[in-house]
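Biologist: I'd like to walk through this protein with you, one question at a time. Could you show me the model?

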Amino acid sequence: MALLELQGITAGYDKNMILRDFHLSVSRGDFVSLLGSSGCGKTTTLRLIAGFNAPVSGSILFDGRDITNVPLHRRNFGFVFQSYALFPHMTVFDNVAFGLKMRKTDRRETEKRVMEMLELVDLKGFERRYPREMSGGQRQRVALARAMVIRPELMLFDEPLSNLDAKLRVKMRVEIRRIQQELGFTAIYVTHDQEECFAISDQVAIMNGGVIEQMDTPAHIYTRPRTEFIARFVGFENFLNLQRRGGVLLLENGQPLSVPEAPGTGDTFKACIRPEDIQIAPEGESLENPLQGEVMVTTFLGRNVQYNVSTPLGEIVCSSAQEHVYSIGSRVTLGLSGNKIILIEARPNS
Ligand SMILES: Nc1ncnc2c1ncn2[C@@H]1O[C@H](COP(=O)(O)OP(=O)(O)O)[C@@H](O)[C@H]1O
Ligand SMILES: [Mg+2]
């Protein structure tokens with residue numbers, strides 16, 4: 001049974017509905033990320049789970065119990081936000097102790113648990129400092145300790161690392177994952193950073209237009225995106241129209257495309273392919289699923305070179321680690337690796 005379940009949630013602000021018939025199911029102990037572009041409703045979803053906002057319809061179940069109308073302070077969830085939201089006039093100790101004080105925990109127990117948490121986030125010895133005397137990364141660790149000290153069954157993170165510099169972000173996300181595994185809490189983590197969420201999550205839910213478009217393990221999302229939107233999110237840059245005629249898949253120029261496994265039903269597909277799964281060779285060379293073209297743009301990317309190639313099917317982006325660099329205007333052959341192509345059935349309205 002799922003620990004947390006959002007069923008048919010419709011919610012928004014005034015008359016502007018952000019989530020429509022939204023579903024989410026989170027298993028106990030899982031680290032689940034909500035990924036999506038800015039404004040897609042990630043924070044709104046988190047606020048509903050926390051109890052800051054209420055849905056217009058639908059229900060929220062926690063451990064099988066309907067908590068849709070349970071007030072925030074009785075949900076016992078922990079939050080960590082982007083802005084650390086520490087109390088500036090309180091020491092680190094008092095910031096971390098805050099949730100325990102609210103729960104009238106006795107002094108000795110409070111002391112013990114605060115010190116445990118500070119040790120866990122590697123801030124032992126900082127008890128008497130004030131937030132202004134600490135770096136961004138340290139403050140965020142105080143926020144983490146403060147949220148976890150009440151031993152919540154569910155931790156909610158809203159882009160907690162986005163105010164930190166790139167290096168610290170990577171370090172902190174490993175820390176968060178380590179602590180989550182050590183304490184065993186369930187986590188919902190909101191981010192717009194794909195790499196970050198793939199690195200730390202058991203499950204990733206990608207949001208688009210107020211719904212979850214795909215929820216799966218990072219590896220499955222990466223290798224088996226189910227929609228063009230998801231495919232674009234995980235690095236597919238080429239989308240070729242395909243028609244099935246008499247059992248054969250035809251590209252727009254009438255050329256057959258060979259793939260190892262023909263899709264089940266439907267006649268219209270998008271073939272999605274990543275730049276690195278397209279070979280590039282001098283014109284006339286024989287390659288798998290060949291396409292002739294002319295190099296329009298050459299971009300040096302360090303480990304490889306990216307080419308924008310004009311072909312009868314439009315512009316195709318490929319990248320190659322070869323030392324030979326094709327200059328602008330070169331006539332080339334592209335080879336589409338059939339076993340790397342993802343076929344997505346085109347929807348009537350796309
Ligand atoms: N307090 C609010 N009042 C009115 N509209 C809001 C409020 N908060 C968010 N919105 C709107 O709801 C939409 C979703 O916002 P949000 O959930 O914050 O997105 P995300 O966290 O994915 O960037 C946005 O269009 C935003 O402008
Ligand atoms: Mg947000």
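Modeller: Happy to, and a definition will help us when helices come up: axes are lines fitted to C-alpha atoms, for helices over the stretch in contact, and angles run from 0 to 180 degrees between N-to-C directions. Please keep in mind that this is a predicted model.

Biologist: Thanks! At what angle do H2 and helix H4 pack?

Modeller: Helix H4 covers residues 136-148, and its axis lies 7 Å apart from that of H2. Angles under 35 degrees count as roughly parallel, and that makes H2 roughly parallel to H4. H2 passes H4 in a right-handed crossing. The packing angle is about 30°.

Biologist: And is H2 roughly parallel or oblique to H3?

Modeller: Helix H2 spans residues 92-102 and helix H3 spans residues 107-120; their axes come within 10 Å and cross at roughly 120°. The crossing of H2 past H3 is right-handed. Roughly perpendicular runs from 65 to 115 degrees and roughly antiparallel starts over 145, so an angle of this kind falls in the remaining class. That makes H2, relative to H3, oblique.

Biologist: Let's go to the ligand. Which helix gives the most to the shell around ligand 1?

Modeller: The residues around ligand 1 include Tyr13, Ile18, Gly36, Ser38, Gly39, Cys40 and Gly41, and also Lys42, Thr43 and Thr44. One helix, made of residues 42-50, supplies three residues of this shell. That top contributor is helix H1.

Biologist: How many residues of that shell are polar?

Modeller: Three of the shell residues are nonpolar and one is charged. Gly counts among the polar residues here, and Gly36, Gly39 and Gly41 are among those around ligand 1. The polar residues number six.

Biologist: Now the sheets. Which strands stand at the edges of the sheet of six strands?

Modeller: This open sheet has mixed pairing and the order S6-S7-S8-S3-S9-S10. Two of its strands have a single partner strand each, so one side of each is left without a neighbour in the sheet. Neighbouring strands are turned by 20° against each other on average, direction ignored. The edge strands are S6 (77-80) and S10 (211-216).

Biologist: Which residue in S7 is the bridge partner of Val80?

Modeller: Strand S7 covers residues 154-158, and four bridges join it to S6. The two strands run parallel. Opposite Val80, the bridge partner in S7 is Phe157.

Biologist: What is the average twist from one strand to the next in the sheet of five strands?

Modeller: That sheet is open and antiparallel, with the order S14-S18-S15-S16-S17. Strand S14 (278-282) and strand S17 (314-320) each have a single partner strand, so they stand at the edges. The twist averages 45°.

Biologist: In that sheet, what is the bridge partner of Val295 in S16?

Modeller: Strand S15 (residues 290-300) and strand S16 (residues 305-311) run antiparallel, joined by six bridges. Val295 has its partner in S16, and the residue is Val309.

Biologist: Which residue in the turn between S11 and S12 has a positive phi?

Modeller: S11 (residues 238-245) and S12 (residues 248-251) run antiparallel with four bridges, and Gln243 stands opposite Leu250. The two strands form a hairpin with two residues between them. The residue with a positive phi, about 55°, is Gly246.

Biologist: Last one: what distance separates the centres of domain 1 and domain 2?

Modeller: The protein chain is divided into domain 1, residues 4-228, and domain 2, residues 235-345. Taken over C-alpha atoms, their centres are separated by 41 Å.

Note on methods
Residues numbered from 1 in each chain as written. Chains lettered and ligands numbered in written order. Predicted model: local features only at pLDDT ≥ 70, side-chain atom pairs only at ≥ 80, totals over all residues. Near = placed C-beta within 6 Å. Pairing = 2+ DSSP bridges. Domains from an automatic or database assignment. Left-handed = near helix turned anticlockwise from the far one by under 90°.
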